[in-house]
Amino acid sequence: MSKKPVRVAVTGAAGQIGYALLFRIASGEMLGKDQPVILQLLEVPVEGPQKALKGVMMELDDCAFPLLAGMEAHSDPMTAFKDTDYALLVGSMPRKAGMERAELLSINGQIFIGQGKALDAVASRDVKVLVVGNPANTNAWIAMKSAPSLPRENFTAMLRLDHNRALSQLAAKTGKPVASIQKLAVWGNHSPTMYADYRFATIEGASVKDMINDHAWNKDVFLPTVGKRGAAIIEARGLSSAASAANAAIDHMRDWALGTNGGWVTMGVPSNGEYGIPKDTMFGYPVTCEGGKYKIVEGLPVDEFSQGCIDKTLAELVGEQDGVKHLL
Ligand code: NAD
Ligand code: LMR
């Protein structure tokens, strides 16, 4: 007996992340090779993106994915999010040359207020929401605040790309396989202020910090490389990361839905006050996932250097929140 299909809403579905994401969701890489999906795809109500979305759907058709139980094109979040079990909020306005961050926050803030309200009104009460569109943490916070009837823990922001970038840099530094690295944490905002923290990381039981034993490399090479990787990709490609961002979104949702077997991953989640972060701040934390729920890893010691990094990324997030509070 095959499973009942679940509904997966994706916004910005005709964009470049959408193009790297939808085919993998439809092939079962996100929710399992036995889980049929119905894709509910949202694009702006403008002819060009709607036409492009139809083209993407034609290609999805042409893949004849056995798990693709249905798909719909939408231009209104109130229909796109109807009964949805998963919502990947990718669509948002990218920053244009000369645009102030405050202006971007305000434009995207309006989008995520509307989408938060629509999720509140029509989505499944258990909907798992992942915000990818930047500034991801603050957009997720806005959506959560705009959806008061949904549990706040249903809203998350994507820091998995930072986590994966950090894993890859550590694998290169230590000469060990990526998959052998356990217990990495990324704290804070999806921005250059995030703090990728390998103090607790292990490879086959040995401490990664002891293996590297080089604070200058951590401070002057590792953290800037991971923090500025998004900008480096834009510089190299002329476009922001898309395949790696889609891959991180798949990883985030798969682990949230199917579990991490005790392993740590990074998710941006609303704080309950852990590590002194004010309640509700959408903050990157190390988490474990089981039974469709995430749990923040608690009780880790925070040294002076780490506290300084956490304070810096928190200050940026609080500043972003303050900049959009008047919209709520
Ligand atoms: P893109 O411009 O190629 O695609 C975005 C799509 O979203 C467009 O098709 C646009 O029409 C659509 N869109 C805009 N507003 C919308 C709305 N209100 N409802 C539905 N659709 C809407 O951009 P992209 O490269 O796919 O990136 C999307 C977002 O993801 C950007 O904000 C980017 O900065 C962000 N991003 C985040 C991470 C992360 O790690 N969190 C990584 C990479 C990119
Ligand atoms: C990334 O980390 O690759 C993106 O968030 C960069 C960006 O500004 O789109």
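Contact here means heavy atoms within 4.5 Å. The model is predicted, so local features need pLDDT of at least 70, side-chain atom pairs count only at pLDDT 80 or more, and totals for chains, interfaces and linings use all residues. Residues are numbered from 1 along each chain as its sequence is written, chains are lettered from A and ligands numbered from 1 in the order in which they are written, and side-chain values use heavy atoms, with hydrogens and water left out.

**Exercise 1. Locate G12 and A13, and list what each of them touches.**

Step 1. Both G12 and A13 belong to the loop between β1 and α1, where β1 spans 6–11 and α1 spans 16–26; helices (H or I, at least four residues) and strands (E, at least two) are DSSP runs, numbered from the N terminus.

Step 2. Not counting residues up to four places away in sequence, G12 touches G18, L42, E43 and G91. With the same kind of neighbours, those within four places, left aside, A13 is in contact with G18, Y19, L22, L41, L42, E43 and L53.

Step 3. G12 counts as buried because its relative accessibility is 14%, and A13 counts as buried at 0%; buried means under 20% relative accessible area, exposed over 50% and partly exposed in between (1.4 Å probe, protein chains only).

**Exercise 2. Follow the contact from A13 to L53, and describe the setting of L53.**

Step 1. L53 is found in helix α2, which runs over residues 47–63, and L53 is classed as buried because its relative accessibility is 0%.

Step 2. Apart from neighbours within four places in sequence, the contacts of L53 are A13, A14, L41, E43 and A73. For A73, which is 20 residues from L53 along the chain, the separation of the two C-alpha atoms is 7.3 Å.

**Exercise 3. Work out which residues of α1 are buried and what covers them.**

Step 1. The buried residues of α1 are I17, G18, L21, L22, F23, I25 and A26.

Step 2. Their cover includes β1, β2 (37–42), α2, β3 (68–74), β4 (86–89) and α10 (243–258).

Step 3. Just after α1, the backbone at G28 takes a positive phi of about 95°.

**Exercise 4. Describe the surroundings of ligand 1, and set them beside the UniProt annotation.**

Step 1. Ligand 1 is surrounded by 23 residues, of which the closest are Q16, E43, S92, V132 and N134; a residue is near a molecule if one of its heavy atoms lies within 4 Å of it.

Step 2. Among the polar contacts (pairs of N or O atoms within 3.5 Å), a polar backbone atom of G12 is 3.3 Å from a nitrogen atom of ligand 1. A backbone N or O atom of I17 lies 3.0 Å from an oxygen atom of the ligand, and a polar side-chain atom of Q115 lies 3.4 Å from a nitrogen atom of the ligand.

Step 3. Taken on its own, ligand 1 has 860 Å² of accessible area, of which the protein covers 83%; the areas come from the Shrake-Rupley method with a 1.4 Å probe.

Step 4. At least two residues of this shell come from each of α1 and α4 (101–122).

Step 5. An unreviewed UniProt entry places the feature "binding site" at positions including G12, I17, Q115 and N134, although such annotations may be inferred rather than shown by experiment.

**Exercise 5. Which residues surround ligand 2, and where does N134 lie?**

Step 1. The residues around ligand 2 are N134, L161, R165, H190, G230, I234, S240 and S241.

Step 2. Oxygen atoms of ligand 2 lie 2.8 Å from a polar side-chain atom of N134, 2.8 Å from a side-chain N or O atom of R165, and 2.7 Å from a polar side-chain atom of S241. The protein covers 72% of the 270 Å² of accessible area that ligand 2 has on its own, and the elements giving two or more residues to the shell are α6 (160–174) and α9 (229–237).

Step 3. N134 sits in the loop between β5 (128–131) and α5 (136–145), and N134 is partly exposed, with a relative accessible area of 38%. Leaving aside neighbours within four places in sequence, N134 is in contact with S92, N108, N139 and H190.

Step 4. A "binding site" annotation from the unreviewed UniProt entry covers R95, R101, N134 and R165.

How values were computed
Polar contact = N/O pair within 3.5 Å; in protein donor to acceptor, adjacent residues only side chain to side chain.
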